[in-house]
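Here is a short report on one protein chain. Please look over the sequence and the fold before reading on.

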Amino acid sequence: MANTVMITSLKGGVGKSTVTAGISTALALLGKRVLVLDFDFTVRSLELILGLESKTVFNAFDVTNGRCSLKRALVMHEKVDGLYFLAAPKLESAEIATLDFKQLFDEAK
């Protein structure tokens, strides 16, 4: 069974991405399979912290809108076995409402 952990805050710059990168990397190094879903639609710093910015082609919006499968959109970390990443889309407020979070979370589990 999959466990879900959400790290969130309404304030920017408090360390959400840094904490997420640290926890996800630690869990993967302990032998867990970890999927990091980035939902910071404005900054997208998590892919930079994880060192995956040049590997990201698709994002969560592409998956929920049928442009690609979740499997194809995932980026596997080259240095940390078991660590996978799905990038946040860069969206406007109106587009965010069309993102099917439940479908994405169900498929990811």
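Which residue of β3 is the bridge partner of V75? The partner is F85. Note that the model is predicted.

**Overall fold**

The protein chain has six helices and three strands. Read from the N terminus, the elements follow the order α-β-α-α-α-β-β-α-α. The C-alpha trace spans about 40 × 30 × 30 Å along its principal axes. A compact globule of 109 residues would have a radius of gyration near 13 Å, and the chain has 13 Å, so the two agree.

**The sheet**

The three strands form an open sheet with mixed pairing, in the order β1-β3-β2. At the edges are β1 (34-37) and β2 (75-76), each of which pairs on one side only. Strands of a sheet pair through backbone hydrogen bonds, either parallel or antiparallel. Both senses occur here, as the mixed pairing shows. β1 pairs with β3 (residues 83-86) in the parallel sense, over four bridges. β2 and β3 run antiparallel and are joined by two bridges.

The table lists bridge partners and facing residues across the sheet.

| Residue | Opposite it in β3 |
|---|---|
| L35 | Y84 |
| L37 | L86 |
| V75 | F85 |

β2 and β3 also make a hairpin, with six residues between the two strands. In its turn, G82 has a positive phi of about 85°.

**A helix on the sheet**

What packs on the sheet, touching β1 and β3? Helix α1 (residues 16-29) does. The direction of α1 makes about 165° with that of β1.

**The largest pocket**

The largest pocket holds about 1600 Å³ of space. It is lined by 43 residues. Closest to its centre are T4, V5, L35, V36 and L37. L35 also belongs to the pairing described above, with Y84 as its bridge partner in β3. L37 likewise stands opposite L86 in β3.

Which elements each supply at least two residues of the lining? They are α1, β1, α4 (70-73) and α6 (101-108). α1 gives the most, with seven residues. Helix α1 thus has two roles in this account: α1 packs on the sheet, and α1 contributes to the lining of the largest pocket.

How does the lining divide by class, and how many residues are nonpolar, polar and charged? The lining has 21 nonpolar, 13 polar and nine charged residues.

Technical notes:
Residues numbered from 1 in each chain as written. Predicted model: local features only at pLDDT ≥ 70, side-chain atom pairs only at ≥ 80, totals over all residues. Heavy atoms only, no water. Pairing = 2+ DSSP bridges. Contact = heavy atoms within 4.5 Å. Axes fitted to C-alpha atoms, helices over the stretch in contact; angles between N-to-C directions. 1 Å grid on protein atoms, 1.4 Å probe; cavity = no way out; pocket = protein on both sides within 12 Å on 5 of 7 lines; lining within 4 Å. Points joined across faces, edges and corners; volume = space filled by probe spheres on them. Nonpolar A, V, L, I, M, F, W, Y, C, P; charged D, E, K, R; others polar. Rg over C-alpha atoms; globule rule 2.2 N^0.38 Å.
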